[in-house]
Every structure is written in C-alpha cells, then in structure tokens.
Amino acid sequence: MDTRGKIVDLAQAGTIAAGWRSRGARWKLVAGYFDVLTADHVRAMRALADGTPLMAAVLDPPDPLLPSGARAELAASLSMLDYVLLLEGSALEQALAELRPDDVVRAEIADRQRSAALIEHVHRRQKS
C-alpha cells in the first residue's frame, strides 16, 4: 500500500471515525508535529498502538524543518498509524470536536524537544 493513501482530510477522518464507532471500536488520536522522525518517535507511537485504531493529526510547528506534506508522509510511513490527518494552523480543536476520539495524546511538546535535540546534536557535530 502506498502510505500516502493513509493521509486523509477532516471529512474522510470523520467517516473513518464514524465507522470505528459503529463497530464499537475505541480509537486514539495523537496530535503532534512529526517534524523530525526519530527512533524515540517510533517507540512512542508503538507504545500508543495497543491494538486500538490510531490516527495521527499532523500540526504546524512554529518553525518547521520540513513542509507539512513531507511530515504527513513520514508519519504515514509508520505502520502502527492507521491514518494521518493533516491539519492547518489551529484546526485541532475543531477536529477533536468533530471526530470525538476516545483518547487524545498531545505530543507537540515532546516533538519540539526532539527537534531541538536533533538541531543541537547537528551543531555539536559541526563544531567538532
């Protein structure tokens, strides 16, 4: 499967969420920037994927390293994510109200820390 097929808009996400609910499935949404995909990211997503459907909402970071489409494709490449919702600006609250996930994990702070750690690592390597 082309992982880009996992990237959905809000209307498609709503249909998917309704289908999960109609089957009685609980599901999770993890919101983050996915600007730097590291082994830590993979471990965190794997820990969240406990057999329940898992959707990621890719948000806009303050100073992105990668364009939003690339970040969504990186997230979609993770096998434990069922779908990836690409959101612009501050659309997360609207999406949460419409989709009504059973669990929401906010990963923005951890994502910012991962990006900062990577940038610091690269700077240290360049200086040595």
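In this predicted model, strand 1 and strand 4 run parallel and are joined by two bridges. Ile7 of strand 1 faces Val84 across that pairing, with Val84 sitting in strand 4. To reach strand 4 from strand 3, the chain goes by way of helix 3, and this β-α-β crossover is right-handed. Strand 3 (residues 54-58) also pairs with strand 4 (residues 83-86), again in the parallel sense, this time over four bridges. Here Val84 turns up once more, as the bridge partner of Ala56. So Val84 has a bridge partner on either hand, given that the pairings named are Ile7 with Val84 and Ala56 with Val84.

Zooming out, these strands belong to an open sheet of five, ordered 1-4-3-2-5 and paired in parallel. Strand 1 (7-8) and strand 5 (103-106) have just a single partner strand each, so they form the edges and each has one side without a neighbour in the sheet. As a general point, side chains in a regular strand alternate between the two faces of the sheet.

Back at the edge, Ile7 belongs to strand 1. Is Ile7 buried or exposed? Neither label quite fits, because its relative accessibility of 25% makes Ile7 partly exposed. Setting aside neighbours within four places in sequence, Ile7 is in contact with Gln12, Ala72, Glu73, Ala76 and Val84. Leu118 is another matter: Ile7 and Leu118 are 111 residues apart in sequence, and their C-alpha atoms are 26 Å apart in space.

Two of the contacts of Ile7, Ala72 and Ala76, come up again in helix 3. That helix spans residues 68-76, and its buried residues are Arg71, Ala72, Ala75 and Ala76. They sit on the same side of helix 3, because the arc they cover around the axis is only 135°. What lies over these buried residues? The cover includes strand 1, strand 3 and strand 4.

Helix 2 (residues 39-48) has its own place on the sheet. It lies across strand 2 (28-32), strand 3 and strand 5, and runs at about 160° to strand 2. Within strand 2, Lys28 is worth a look. Lys28 counts as buried because its relative accessible area is 11%, and the cut-off for buried is under 20%. Which residues touch Lys28, leaving aside neighbours within four places in sequence? They are Leu48, Asp50, Thr52, Pro53, Leu54, Met55 and Asp103.

Next come the aromatic rings. A pair of aromatic rings is described by how far apart the centres are and by the angle of the planes. The model has two aromatic pairs. In one of them, Trp20 and Trp27 are tilted, at 5.2 Å centre to centre and with 50° between the planes. Both Trp20 and Trp27 are buried. The other pair, Trp20 with Tyr83, is tilted as well, with 6.0 Å centre to centre and 55° between the planes. Trp20 lies in helix 1 (residues 10-22) while Tyr83 lies in strand 4, so this pair ties together parts that are 63 residues apart in sequence. Through these ring pairs, Trp20, Trp27 and Tyr83 are linked into a cluster. How accessible are the partners in the second pair? Trp20 has a relative accessible area of 6%, so it is buried, whereas Tyr83 counts as partly exposed at 26%.

Finally, the backbone has a couple of oddities. Most residues other than glycine have a negative phi. Phe34 is not a glycine, yet its phi is positive, at about 50°. Where is Phe34 found? It lies in the loop between strand 2 and helix 2, and with 1% relative accessibility it is buried. Arg100, not a glycine either, also has a positive phi of about 50°. Its loop is the one between helix 4 (92-99) and strand 5. Unlike the buried Phe34, Arg100 is partly exposed, with a relative accessible area of 49%.

Technical notes
Residues numbered from 1 in each chain as written. Predicted model: local features only at pLDDT ≥ 70, side-chain atom pairs only at ≥ 80, totals over all residues. Heavy atoms only, no water. Pairing = 2+ DSSP bridges. Contact = heavy atoms within 4.5 Å. Axes fitted to C-alpha atoms, helices over the stretch in contact; angles between N-to-C directions. Phe/Tyr/Trp six-rings, centres within 6.5 Å; stacked < 30°, edge-to-face > 60°. Buried < 20%, exposed > 50% of the residue type's maximum accessible area, 1.4 Å probe, protein only. Arc of directions from axis to C-beta. Right-handed = clockwise from strand over helix to strand, strands pointing away.
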